[in-house]
Amino acid sequence: MRSGRPPVPLRGAREARDAVTLARLLRGTITPLRGDEVLALLEPHRPRLVPKPVNPLAAMLGQPQGRLLEALLRPTAPIILDVLLPRLRDHLIDRVVHNKGAAEDGLPGTLEVATALRALVALLRGAGRGAVLSVVSAIEADRSEERRVGREGGGGGGGWQ
């Protein structure tokens, strides 16, 4: 509270927790039960206008894992792309650039969240890459600002080196 204003809450905390869990679920063996877990995890994030996804895996017993994963991602991709990835971007920017949120908040670590973000973008075959690039751009801008302030004699700076 340097400026006398109350601290701004950390954005995307729930999404960060859920994204780490989602990345773990999608990394494991895909089964109809796993599909139900994924759909239940994403349900609170589903926008009202997006129809409730139905688990397509029950009718796909015996199919290869790649086909099962693709079938599961088809109905969940809009929720991941439109809700989770932008909130993960905001969350990481808040934590890394603005130094909000600490380990004692019960949140997954910054590296865990970034790894989940990268894994989800990879699973979606690059869709949502803009969220990753936004985080990288914000970190780079913050680093160059720290360097500029450090050269002008504004303090310690250089926290990223």
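Me: Before we get going, what counts as a helix here?

Reply: A helix is a DSSP run of H or I with at least four residues, and helices are numbered from the N terminus. Keep in mind that this is a predicted model.

Me: OK, so what makes you place Glu 15 in a helix?

Reply: Helix H1 covers residues 13-27, and Glu 15 lies in that run.

Me: Why is Glu 15 called buried?

Reply: The cut-off for buried is under 20% relative accessible area. Glu 15 has 12%, so Glu 15 is buried.

Me: Which residues is Glu 15 in contact with, leaving aside neighbours within four places in sequence?

Reply: Those are His 45, Leu 84, Arg 87 and Leu 88.

Me: Leu 88, you say. Where else does Leu 88 turn up?

Reply: In the largest nonpolar core, which has 36 residues. Leu 88 is listed there among those with the most contacts inside the core, along with Leu 22, Leu 26, Ile 80, Leu 85, Leu 117 and Leu 120. Two or more residues come from each of H1, helix H2 (32-42), helix H3 (65-97), helix H4 (110-123) and helix H5 (129-151). H3 gives the most, with 14 residues.

Me: And what does Leu 117 touch, not counting residues up to four places away in sequence?

Reply: Leu 117 touches Leu 85, Leu 88, Leu 92, Ala 131, Val 132 and Val 135.

Me: Now the packing. Why is H1 called oblique to H4?

Reply: Their axes are 9 Å apart and the angle is about 50°. Roughly parallel needs an angle under 35 degrees, and roughly perpendicular starts at 65. The angle of H1 to H4 fits neither, so H1 is oblique to H4. The crossing of these two helices is left-handed.

Me: What makes up the contact of H1 with H4?

Reply: There are 11 nonpolar residues, no polar ones and one charged. Among those meeting are Ala 16, Leu 22 and Leu 26 in H1, and Glu 112, Ala 116 and Leu 120 in H4.

Me: How do you know that H1 and H2 are roughly antiparallel?

Reply: The axes of H1 and H2 cross at roughly 165° and come within 10 Å. The cut-off for roughly antiparallel is over 145 degrees, so H1 and H2 qualify. H1 passes H2 in a left-handed crossing too.

Me: Which classes of residue does the contact of H1 with H2 have?

Reply: Six nonpolar, one polar and four charged. Asp 18, Thr 21 and Arg 24 are among the H1 residues, and they face a set in H2 including Arg 34, Glu 37 and Val 38.

Conventions: Residues numbered from 1 in each chain as written. Predicted model: local features only at pLDDT ≥ 70, side-chain atom pairs only at ≥ 80, totals over all residues. Heavy atoms only, no water. Buried < 20%, exposed > 50% of the residue type's maximum accessible area, 1.4 Å probe, protein only. Contact = heavy atoms within 4.5 Å. Core = buried A, V, L, I, M, F, W, Y, C linked by side-chain atoms within 4.5 Å. Axes fitted to C-alpha atoms, helices over the stretch in contact; angles between N-to-C directions. Parallel < 35°, antiparallel > 145°, perpendicular 65-115°, else oblique. Left-handed = near helix turned anticlockwise from the far one by under 90°. Nonpolar A, V, L, I, M, F, W, Y, C, P; charged D, E, K, R; others polar.
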